[in-house]
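Visitor: Could we go through this model together? I would like to start with the overall picture and then move to particular sites.

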Amino acid sequence: MLSEFHPYSKDQQIKKKRKRAKSKNFNAPTILAIFKRDNYRCVKCGNHLIDSVPHHITYRSQGGTGHKRNGVTVCRRCHDWAHHKCNGPFGEPSDQGRKWFEDWRERSLTEAGDRK
């Protein structure tokens with residue numbers, strides 16, 4: 001015997017308030033602020049051919065947020081290095097990329113007073 005199916009009506013779906021998760025993506029003003037802070041250049045190698053979206057220093061999958069302090073301007077090669085896909089732009093081992101960007105955040109943003 002099949003059980004009865006009682007779907008929610010459209011009115012019930014609309015009336016129910018859904019909790020929205022905190023955005024882990026960068027919004028447009030934050031992206032612009034990150035690019036301006038970093039002078040539209042990769043913070044590692046200085047390349048002006050940068051990715052269109054900043055790199056999350058703390059990965060989104062590990063709770064990284066879309067705040068300015070968690071973003072950094074990178075070129076494609078340095079972005080791949082941060083994700084352990086290749087050696088760094090100056091021959092650094094692939095496993096050092098992520099740590100370099102975490103150290104950069106602490107060193108550069110703390111000195112500049114850039115907390116968010």
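The conversation below goes from the overall fold to a helix, a pocket and two residues.

Visitor: What kind of model is this?
Guide: This is a predicted model.

Visitor: How many helices and strands are there in the protein chain?
Guide: The protein chain has four helices and two strands. Read from the N terminus, the order of the elements is α-α-β-β-α-α.

Visitor: And what share of the residues is buried?
Guide: Of the 116 residues in the protein chain, 32% are buried. As for contacts with a separation of 6 or more, 61% come from residues 24 or more positions apart.

Visitor: Turning to helix α2, which of its residues are buried?
Guide: Helix α2 spans residues 28-37, and its buried residues are Thr30, Ile31, Ile34 and Phe35. These residues lie on the same side of α2, because they cover an arc of only 135° around the axis.

Visitor: What do they pack against?
Guide: The buried residues of α2 pack against β2 (71-72).

Visitor: Which residues are exposed on the other side of α2?
Guide: Ala28, Pro29 and Lys36 are exposed there. Just after the helix, Asn39 adopts a positive phi of about 55°.

Visitor: Next, the loop between α2 and β1. Is Asp51 buried or exposed?
Guide: Asp51, which belongs to that loop, is buried, and its relative accessible area is 13%.

Visitor: Which residues is Asp51 in contact with, leaving aside neighbours within four places in sequence?
Guide: Asp51 is in contact with Phe35, Val74, Cys75, Arg76 and His79. Among these, Phe35 is one of the buried residues of α2.

Visitor: What is the volume of the largest pocket?
Guide: The volume of the largest pocket is about 190 Å³. Its lining includes Asp51, together with Arg76 and His79, two residues that Asp51 contacts. Also in the lining are Val53, Pro54, His55, His56, Tyr59, Arg60, Ser61 and His83.

Visitor: Which elements give two or more residues to that lining?
Guide: Those elements are β1 (55-56) and α3 (76-82).

Visitor: And by class, what does the lining have?
Guide: The lining of the largest pocket has three nonpolar, five polar and three charged residues.

Visitor: One last site: where is Arg98 found?
Guide: Arg98 is found in helix α4, residues 97-112.

Visitor: With which side chain does the side chain of Arg98 make a polar contact?
Guide: The partner is the side chain of Gln62, at 2.3 Å. Not counting residues up to four places away in sequence, Arg98 touches Ile57, Tyr59, Ala82 and His84 as well as Gln62. Of these, Tyr59 also lines the largest pocket.

Notes. Residues numbered from 1 in each chain as written. Predicted model: local features only at pLDDT ≥ 70, side-chain atom pairs only at ≥ 80, totals over all residues. Heavy atoms only, no water. Polar contact = N/O pair within 3.5 Å; in protein donor to acceptor, adjacent residues only side chain to side chain. Contact = heavy atoms within 4.5 Å. 1 Å grid on protein atoms, 1.4 Å probe; cavity = no way out; pocket = protein on both sides within 12 Å on 5 of 7 lines; lining within 4 Å. Points joined across faces, edges and corners; volume = space filled by probe spheres on them. Nonpolar A, V, L, I, M, F, W, Y, C, P; charged D, E, K, R; others polar. Buried < 20%, exposed > 50% of the residue type's maximum accessible area, 1.4 Å probe, protein only. Arc of directions from axis to C-beta.
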